[in-house]
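Please look through the model shown here with attention to how its helices pack and where open space is left between its parts. The explanation that follows takes the helix contacts in turn and then moves to a pocket.

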Amino acid sequence: MPFVTDITLEDLLRGCKKKLHCFEEDKSSDLQQNKKSQFGVVFLSETVWIWLLEGWKMANILSKIDELIEKPCYLIDIFPCTVPETADRRYFLVEEYFQKNREEWNEKFCKLLLKLYCYYDFWCSFREELAENPEPDVLAEWIRHCFEGDWKKRDYINIILPACNAMVILNGDDLYISVYNPDRRLMDLISQLANAEGFFFYKAPGTQK
């Protein structure tokens with residue numbers, strides 16, 4: 001693993017629970033394969049060992065998400081900076097328009113993340129799925145799923161970049177992507193990718209560093 005976090009029992013159980021649905025149909029037979037020696041030592045089947053390892057990996061990812069979300073945040077945004085509020089609240093009317101007509105933005109967000117994937121490993125958390133370096137078509141499918149449904153009821157995906165201890169969050173309800181704890185190399189790369197797709201990259205308001 002590129003990094004190891006301090007995983008609590010709660011984290012491990014959370015990871016195992018997330019993985020459990022993949023084994024529910026076979027868990028009875030798997031558990032029956034476990035052997036117990038005369039000294040009371042339990043020898044687990046290969047499937048159960050795999051299940052525990054996957055649970056540990058998922059707990060590591062989930063714990064890392066909780067850690068990184070507290071780090072400095074930057075935005076890949078359709079606007080160059082935070083829009084000031086006006087008396088007529090026109091920004092919210094413009095946002096509503098973009099939310100109803102965002103197909104072009106969605107495709108640009110998807111292309112940017114796929115380009116970024118060419119440079120960094122991705123550990124992804126989407127719904128009940130956690131995956132290390134998913135196939136590009138799977139990643140694109142998950143990203144596009146985030147844009148489905150009604151505004152303010154859409155999905156999101158968390159992407160950890162283990163090589164630089166950073167995280168990207170795409171929420172389908174937002175007109176921006178959040179980037180947590182980027183180092184200088186990652187910021188320089190994202191700035192170029194964002195510019196190529198017509199986006200802006202800047203430090204989120206209130207971020208301390």
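Is the crossing of helix 5 and helix 6 left-handed or right-handed? In this predicted model, the crossing of these two helices is right-handed. Helix 5 and helix 6, the latter covering residues 136–145, pack at an angle of about 145°, and their axes lie 10 Å apart. On the side of helix 5, the contact is made by Glu-107, Cys-110, Leu-113, Leu-114 and Tyr-117, while helix 6 contributes Pro-136, Leu-139, Ala-140, Ile-143 and Arg-144. Sorted by class, the residues of this contact comprise 8 nonpolar and 2 charged ones, with no polar residue.

Helix 5, which spans residues 103–117, also meets helix 7, residues 184–196, and here the axes come within 10 Å and cross at roughly 140°. Angles that are neither under 35 degrees, nor over 145, nor from 65 to 115 count as oblique, and helix 5 and helix 7 are therefore oblique to each other. The crossing of helix 5 and helix 7 is right-handed. Leu-112, Lys-115 and Leu-116 of helix 5 make this contact with Leu-186, Leu-189, Ile-190, Leu-193 and Ala-194 of helix 7. The contact of helix 5 with helix 7 holds 7 nonpolar residues and 1 charged residue, and no polar one.

Turning from the helix contacts to open space, the largest pocket encloses about 210 Å³. Its lining is formed by Leu-75, Asp-77, Phe-79, Cys-81, Thr-82, Val-83, Tyr-91, Glu-95, Asp-174, Leu-175, Tyr-176 and Tyr-202. Strand 3 (73–77) and helix 4 (90–100) are the elements that give two or more residues to this lining. By class, the lining of the largest pocket has 8 nonpolar residues, 1 polar residue and 3 charged residues.

How values were computed
Residues are numbered from 1 along each chain as its sequence is written. This is a predicted model: local features need pLDDT of at least 70, side-chain atom pairs count only at pLDDT 80 or more; totals for chains, interfaces and linings use all residues. Side-chain values use heavy atoms; hydrogens and water are left out. On a 1 Å grid over the protein atoms alone, a cavity is a set of points where a 1.4 Å probe fits but cannot get out, and a pocket is an open set with protein on both sides within 12 Å along at least five of seven lines; lining residues have an atom within 4 Å of a point. Grid points are joined across faces, edges and corners, and a volume is the space filled by probe spheres set on the points. Helices (H or I, at least four residues) and strands (E, at least two) are DSSP runs, numbered from the N terminus. Ala, Val, Leu, Ile, Met, Phe, Trp, Tyr, Cys and Pro count as nonpolar, Asp, Glu, Lys and Arg as charged, and the others, Gly among them, as polar. Axes are lines fitted to C-alpha atoms, for helices over the stretch in contact, and angles run from 0 to 180 degrees between N-to-C directions. A crossing is left-handed if the near helix is turned anticlockwise from the far one by less than a right angle, and right-handed if clockwise. Contact means heavy atoms within 4.5 Å.
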